[in-house]
Amino acid sequence: EKDEHIKFPTLVPSFPPTPDVLVENFIEGIPVMQFARENQHDRKMLSDMCFKAIRCVCKMIFLDNFIHGDLHPGNVFVSPDGKDFILLDVGIVAEYSDNDHEA
C-alpha cells in the first residue's frame with residue numbers, strides 16, 4: 001500500500017540507470033533539517049512529521065521488506081506545504097526476507 005505522504009523521485013526513462021549513475025526527476029522540497037529549524041515553534045507540525053517518518057521507516061522494514069540504504073538528513077526533504085517527505089538517492093537498497101524478520 002502506497003503512503004501518500006512519502007514521495008520518491010522516479011527514473012527519467014531516457015537515462016537508464018547504470019552502476020555509476022541514477023538520473024531521477026526533480027521534486028521540489030526543503031532539506032529536512034532546514035524545515036525543522038524554520039518550524040521549530042510549531043510543535044504540532046513537527047510531531048505530525050515525526051509520526052509520518054517513523055511510520056514510513058517501520059512500513060518499509062516490517063511490511064514492504066525494504067530499506068533505503070542511505071537514509072540520512074541530506075537525502076530527506078519536506079514538501080513546500082510541509083505535508084510530505086521526499087526521499088532521495090534510492091540507489092542503495094536492501095530487501096528483507098521472512099527469515100531476516102525471524103532472526
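In the predicted model, one side of helix α2 presents the exposed residues Arg 43, Lys 44, Phe 51, Ile 54, Phe 62 and Leu 63, a set in which the aromatic residues Phe 51 and Phe 62 occur together with the charged residues Arg 43 and Lys 44. The buried residues of the helix are Leu 46, Met 49, Lys 52, Cys 56, Lys 59 and Met 60. Because these buried residues cover an arc of only 155° around the axis, they fall on the same side of α2. An α-helix has 3.6 residues a turn, so residues three or four places apart point the same way. The cover over the buried residues of α2 includes the strands β1 (6-7), β3 (66-68), β4 (76-78) and β5 (85-87), together with helix α1 (32-38).

The length of α2 was also examined. The helix comprises 21 residues (residues 43-63), for which a rise of 1.5 Å a residue predicts a span of 30 Å, and the end C-alpha atoms are 29 Å apart, in agreement with that expectation.

A search of the whole structure finds 3 salt bridges. In one of them, the side chains of Arg 55 and Asp 3 meet at 3.4 Å, N to O. Since Arg 55 belongs to helix α2 whereas Asp 3 belongs to the segment before β1, this pair ties together parts that are 52 residues apart in sequence. The partners differ in their burial class, in that Arg 55 counts as partly exposed at 33% relative accessibility, while Asp 3, at 14%, counts as buried.

A salt bridge also joins the side chains of Asp 48 and Lys 44, with an N to O distance of 3.0 Å. Both residues lie in helix α2 and are 4 residues apart, so that about one helical turn separates them. Asp 48 is partly exposed, with a relative accessible area of 32%, and Lys 44, at 58% relative accessibility, counts as exposed. A further salt bridge is formed between the side chains of Asp 64 and Lys 59, at 2.9 Å, N to O. Here Asp 64 is partly exposed, its relative accessible area being 39%, whereas Lys 59 counts as buried at 18% relative accessibility, a value that falls under the 20% limit for burial.

The loops on either side of α2 were considered next. In the loop between α1 and α2 lies Asn 39, which counts as buried at 19% relative accessibility. A polar atom of the Asn 39 side chain lies 2.8 Å from the backbone oxygen of Phe 35, and, when residues up to four places away in sequence are not counted, Asn 39 touches Met 45 and Leu 46; Leu 46 is itself one of the buried residues of α2. In the loop between α2 and β3, just after the helix, lies Asn 65. The phi of this residue is near 55°, a positive value in a residue other than glycine. Most residues other than glycine have a negative phi, and most peptide bonds are trans.

With respect to confidence, the mean pLDDT of the protein is 88, and 97% of its residues reach 70 or more. Among the elements of the protein, strand β2 (residues 30-31) has the highest mean pLDDT, at 97, and helix α3 (residues 98-102) the lowest, at 76. Where pLDDT is low, the predicted coordinates should not be read in detail.

Terms used
Residues are numbered from 1 along each chain as its sequence is written. This is a predicted model: local features need pLDDT of at least 70, side-chain atom pairs count only at pLDDT 80 or more; totals for chains, interfaces and linings use all residues. Side-chain values use heavy atoms; hydrogens and water are left out. Helices (H or I, at least four residues) and strands (E, at least two) are DSSP runs, numbered from the N terminus. The expected span of a helix is 1.5 Å times one less than its number of residues. Buried means under 20% relative accessible area, exposed over 50%, partly exposed in between (1.4 Å probe, protein chains only). The arc is that of the directions from the helix axis to the C-beta atoms. Contact means heavy atoms within 4.5 Å. pLDDT is the predictor's confidence in each residue, from 0 to 100. A polar contact is a pair of N or O atoms within 3.5 Å; within protein, one must be able to donate a hydrogen and the other to accept it, and residues adjacent in sequence count only if both atoms are side-chain atoms. A salt bridge is a side-chain nitrogen of Lys or Arg within 4 Å of a carboxyl oxygen of Asp or Glu.
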